[in-house]
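I opened a fresh page of my notebook for this structure. I will write down what I looked up, one topic at a time.

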Number of protein chains: 2
Amino acid sequence: MKFQYVLTALAGLGLAESKSSPRDRAKALLKKMTWEEKIAQMGSIRRLLKLGPEVDEENFEKRYQLQHGTIGFGPMFNWILDALPLVNKVRENEIKNSRLHIPFITVTDSVNGLFISGGTVFPSNLAMSSTFNFPLFKNITAAIREEQLSIGVNWVLSPPLDIAWEPRYGRIGELYGEDAYLTGEFGHAYVQIMQDKDKDGNIKVACTVKHFVYGESRGGVNTASQYGGINHLFNDQLRPYIRALEADPAALMVSYASVDLIPMSMNEYMIQDILRGKLGFHGVVMSDAGSISNMYTQSRVATSYADAGLQALKAGLQMELSPGNPAVFPNLINSVKDKQVARLIDEAVLNLLTIKFATGLFDNDVPDVETANNTLRQSAHLELAREACREGIVLLKNDGILPQTPKKVALLGPFGELLNFGSYAAINASNPKWGESLHASLKSALGEKNVKFVPAVDLLATTDDSGIADAVAAAKEAGFAVLVLGSLSVPMEDPLFKKRTDGEFFAHADLGLPGLQQQLLDAVLDAKVPTVLILTGGQPFVLNNSTLRSNAIIHSLLGGELTNSALVEIITGKVNPSGKLTVSMPQLDSAMPAFYDYLPSDDAGGSPDRLGFRSAYQWPMLQKASPMPFGFGLSYTTFDISTPTAEYKKGEVHIRVTVKNTGQVAGKEVVQVYHRPNTSVGLEFPVRRLIRFDKVNLEAGESKDVEFSIPNKELGYYVNARLVVHEGLYNFWAGSSSRVEDLKGVNVTVTL
Amino acid sequence: MKFQYVLTALAGLGLAESKSSPRDRAKALLKKMTWEEKIAQMGSIRRLLKLGPEVDEENFEKRYQLQHGTIGFGPMFNWILDALPLVNKVRENEIKNSRLHIPFITVTDSVNGLFISGGTVFPSNLAMSSTFNFPLFKNITAAIREEQLSIGVNWVLSPPLDIAWEPRYGRIGELYGEDAYLTGEFGHAYVQIMQDKDKDGNIKVACTVKHFVYGESRGGVNTASQYGGINHLFNDQLRPYIRALEADPAALMVSYASVDLIPMSMNEYMIQDILRGKLGFHGVVMSDAGSISNMYTQSRVATSYADAGLQALKAGLQMELSPGNPAVFPNLINSVKDKQVARLIDEAVLNLLTIKFATGLFDNDVPDVETANNTLRQSAHLELAREACREGIVLLKNDGILPQTPKKVALLGPFGELLNFGSYAAINASNPKWGESLHASLKSALGEKNVKFVPAVDLLATTDDSGIADAVAAAKEAGFAVLVLGSLSVPMEDPLFKKRTDGEFFAHADLGLPGLQQQLLDAVLDAKVPTVLILTGGQPFVLNNSTLRSNAIIHSLLGGELTNSALVEIITGKVNPSGKLTVSMPQLDSAMPAFYDYLPSDDAGGSPDRLGFRSAYQWPMLQKASPMPFGFGLSYTTFDISTPTAEYKKGEVHIRVTVKNTGQVAGKEVVQVYHRPNTSVGLEFPVRRLIRFDKVNLEAGESKDVEFSIPNKELGYYVNARLVVHEGLYNFWAGSSSRVEDLKGVNVTVTL
């Protein structure tokens, strides 16, 4: 369906009936554009609305002239069905009345779903990856795509492909965890499904892989520097990109980091030599929000905003994301006589217009509110969310206390009535309109009078411990305590923002519980009340010896709108937990790194063998450092995974196991396959690396055979940016986690 | 002086009267060698002796055939004057009776001085650098050289040039601290002085710069992997090498680390492209002890010891240090038909023989015991040690309690009768034969009856806190407590080895005090007894809020034989402390990195500005992380360092300050000059970097002008391994530490 004026406009440009490719149409349009119009395409009006909703006319006017290629919604607490008519009016006006009738493209974040209220709130990425349920993830990605599309979002700032190797880093909740293979698989599927084509051959929602590259910065600090090294980059940080780029994402966002001392927004080597050259990426390269101006204000590598803009453009940046002031690319207006700049701007705008044509913006109408209303929060989507909320929860410890339906429960801790879903979740954490709290869920399940809620301590303040005694009294009275403790991650607009301790801008030198939460927990445990500890937050926590006294420990990560109800289903046994950690939990704040795929020498050369004991004063003990590492998670049933068999034929390794539910209840197990070459390969290879996984649903007593096929190419690693596959012996292991004690091994010889 | 048989031997080889260069003489000799003799030159008999001393004949026989290029002494508790006649006999026998009369060269570690007992025990390197007294360091290096030379050590495994950027790393006590400039200056001077030539033009003692590259490994683990990245390497880790290589060190030792996934013992890129190619090093490249066999056993990059040896040789290793079994290079004996191997072995042996000729081994007699006896521990050396012990101690806090000569003192803590000088100090930590303990020093100064010593707790065990009450009672009784607490670093032969928590093989996930030492300190402080806390150990410690209640805190690092007496001189005010930290003290175990020369973006992008508060949950606060950073240290007097003036002329920046002693007693102040370019330089430059320092001795009231000249070349930094010096504005600061509040700034414009 097209508006008549769009048809007219396109006809006027000779583009209406074109059967040309999006790129050819973009080329034709580019020729008609002024210098100013081109530069404007490279910028954005990220916050179209004010709370109300109403259009922020002042912001619009200020930015329109030189930064109107893309628009975003702004405040996430606006309800989309209220906002959509306003947004559509702005969209239509641009198409109808601008000189060349070039539509805005709407670009938003997309972590838990829509980045404006009114859509289904799915779990954040870390919880999604913890499901290890790849078919479910794909279905949810399709659901998010349909919700985004229904409100006219044709371009999302997802998926993130950073690997969570730095436990202090505050954005781990936004990521798919610490494993490069898992992240690559999730990222690849995300791009493939989001960029699915409609019946007219248009990309539904363009994707942005990000943040190129990120996640290992000094001290875990958000915008801090990272190390480079070509082998490390290719074998670790770039692996998810190499995989996701197979799905041809429309765009890529550079990170805030300096890599090998050069900020990514000006890192010509990483953008041109590596990304364009070695990885063959040809889409739009965009900044992160403010990352170009950071070159002047934070990294101090530019002498002015204008200098920053020129350096960024010359390094390869083609679009500026600038939520705050000032935008930097508008300064390019003064470089009209610079031929290199003109050429780079033409290349950038060509790439940007190509996305607008490829997503059908020139050919389709703006979205109608009724379709949006029918699409958003449809029951199928809510059912998917429910499934993900259930499977993204990880049971870390259970002495047998669970499952249990207690008669009475004391719900303790400052998160009892909060929704802690992440800093890109479009929710108001303290407003029940946005979802059900654990308190509400428990009351539904157990009856209102059987649940006593005592928040007891503040999220962050350490000044008032007077509530702890009440909490202990309530626990004793009920005889069963559920503590929900953790680290708050909410959007910047949230009324609780000043209590936030997790998410972007945060780095955790302390991986314990903020405020007086540990004291609350200690007091309840001292009272010897049976206790279930629920952790909430998008981060690993250090579980000290006191904490480990809890009878059961559950990590709910950053969930979705049905996570609290799923927690109650798990406590009471209606749901059997099946999530697995995708980020390892360190034993000490400083026992880092804690990721499972360290190098053999990382755990060697220490004193334990000489001294006969281990302590924190003579670390290393990487191998022992995380008793709850990647891939770990418990169930209410038990599984037996057989010793794998392996066969190499026709260029593929075939690994087969039989997995049996040996317990009394139905459950799901994640069969994980790891490998490493057992031969001389020219560089250090991790002790083991995930190469396949499958989540298997089994009734009590049931068993299934599972087979994995691994093309020999996937056994390769990169030496100097070149993929090398080596003949020889390989070790494979299959099992239920990355822990040695949970794996059984088999060897196979690979020939080429 | 030459033995007749040496002359005869050399004459037989046509080398006796040669005026040829060492290299030409080596070439001539090489031609006469068999395959087996060549391979033997590349190996060592590291432990010639057993405790007694007596020659370890079994070890000698086992190794002699294929690894006899170098020898070492073995057990450090042998007394050198007893051992020397035995060693000389072995040396003479080799010269006299081996086929080609090629002398052994004696190679030893050299940290605190000799690596066998009987020499002067100077402070370890971290304490030496903390003196910031460069002339003193040079004099001490010359003293160590004379002591080494007097016992026939012609080759030392020093200086280390690793930068101490990883506070958990256990070998920090062996290093010159965290600053690349300071490390480069100390390393350069060390090589220059050690390799000073005698009257015949022979190098006195050949040096080994090490560990190429090291010190930033994952988790602080001794042999763990490190990241690469050409800009990071050249601007940080390689800077000390670039400086030290100007003094033409005879040898270089690779590190245990993998750099960018490739173990250094097989890292052809780092050895050939970087070290040989870019840095122009042409000396011997040796392994670290066992680092080649580690390729098979630890890093698992080799399929056998033989494979490891071949890979190492082909990457560029020319000599194997192998204290234990097995040595790997002897396997090369089987590669006689491999032309590449033969060529590489010839190059290696040529390099090795060149050192033997260059150090005069073919021309000089073995050392005589009488000269050694006159050289070792001569009073001039002991006076230098005394000075270094005094100036290497750092006063971290003083509320006015010091200086004081208390009538009575309670000396508390497990280090009261120990000597904690480092794992390469040839001392028995618990035997008064090797030096004076703090207990003994205090008794000398205050009278035996006025010092009550209560060790109170074990160095490491946490089982028995029963001594704490006695300690508190003693403190109350005395009215003045001196606690000496820390982390033990002793050689492997030490009886206390199993109590070690610091030094090689150690990594500190916990930077607090081992065992129950913190509890002891807390109890004494709770009792409100005036308390002086003395820290001992070659590491930064986290000083928690309880610790900071101490009235005075002194870090004595890993000292030398007069450190305990110097501590008493400082407590009583006979000596005014003048040491400055060369490694920053983190605020939390996990508040890392803590080094002062972080990048601007490392402390940016966090939440504090948005939230209005800082906590460990929303780090970054690198800038605030270390209130006791590099360059920090207190005095009993006060100094005023004027705002610097700056002038640029003839290619040099001239910085001038006036420093005045504004207090009541004489003292020494370290004037430190930092800089950074204030222009666009293509990469991130640290917030500030040390570029000059000078230690100034001032009477009370006295003032002096200090001028520093800095050639513009030193303002450069490396982009892609190329030195770039940029025109433009530069910021300079001068002051008494790296803290912002201790610095005053000036700008200067540099033209080229």
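**Where the chains meet**

I began with the area buried between chain B and chain A, which is about 6700 Å², with carbon and sulfur atoms giving 57% of that area; buried area is the accessible area (1.4 Å probe) that two parts lose on being put together, summed over both.

Before going on, I noted that this is a predicted model, in which local features need pLDDT of at least 70 and side-chain atom pairs count only at pLDDT 80 or more, while totals for chains, interfaces and linings use all residues. I also noted that residues are numbered from 1 along each chain as its sequence is written, that chains are lettered from A and ligands numbered from 1 in the order in which they are written, and that side-chain values use heavy atoms, with hydrogens and water left out.

I then looked up the contacts (heavy atoms within 4.5 Å) and found that 79 residues of chain B touch 79 residues of chain A. Between chain B and chain A there are 30 residue pairs in polar contact, both at pLDDT 80 or more; a polar contact is a pair of N or O atoms within 3.5 Å, where within protein one must be able to donate a hydrogen and the other to accept it, and residues adjacent in sequence count only if both atoms are side-chain atoms.

On the side of chain B that touches chain A, I found that α9 (230–237), β10 (262–263), α13 (305–315) and α21 (608–611) of chain B each supply at least two residues, and that α9(B) gives the most, with 5 residues. Helices (H or I, at least four residues) and strands (E, at least two) are DSSP runs, numbered from the N terminus. By class, that side of chain B has 37 nonpolar, 27 polar and 15 charged residues, where Ala, Val, Leu, Ile, Met, Phe, Trp, Tyr, Cys and Pro count as nonpolar, Asp, Glu, Lys and Arg as charged, and the others, Gly among them, as polar.

**Salt bridges**

I counted a salt bridge where a side-chain nitrogen of Lys or Arg lies within 4 Å of a carboxyl oxygen of Asp or Glu. The structure holds 66 of them over all chains, and 2 are between chain B and chain A. One pair that I looked up across the chains is B:D602 with A:R218, at 2.6 Å from N to O.

Within chain A, I found A:K499 and A:D458 paired at 2.9 Å, N to O. A:K499 lies in the loop between β15 (481–486) and α19 (517–526) of chain A and A:D458 in the loop between β14 (451–454) and α18 (467–478) of chain A, so this salt bridge ties together parts that are 41 residues apart in sequence.

**Backbone notes**

I looked up the peptide bond from A:K210 to A:H211, which is cis with omega near -15 degrees, and A:H211 lies in strand β7 (residues 208–212) of chain A. In chain B, a cis peptide bond joins B:K210 and B:H211, with omega about -10 degrees.
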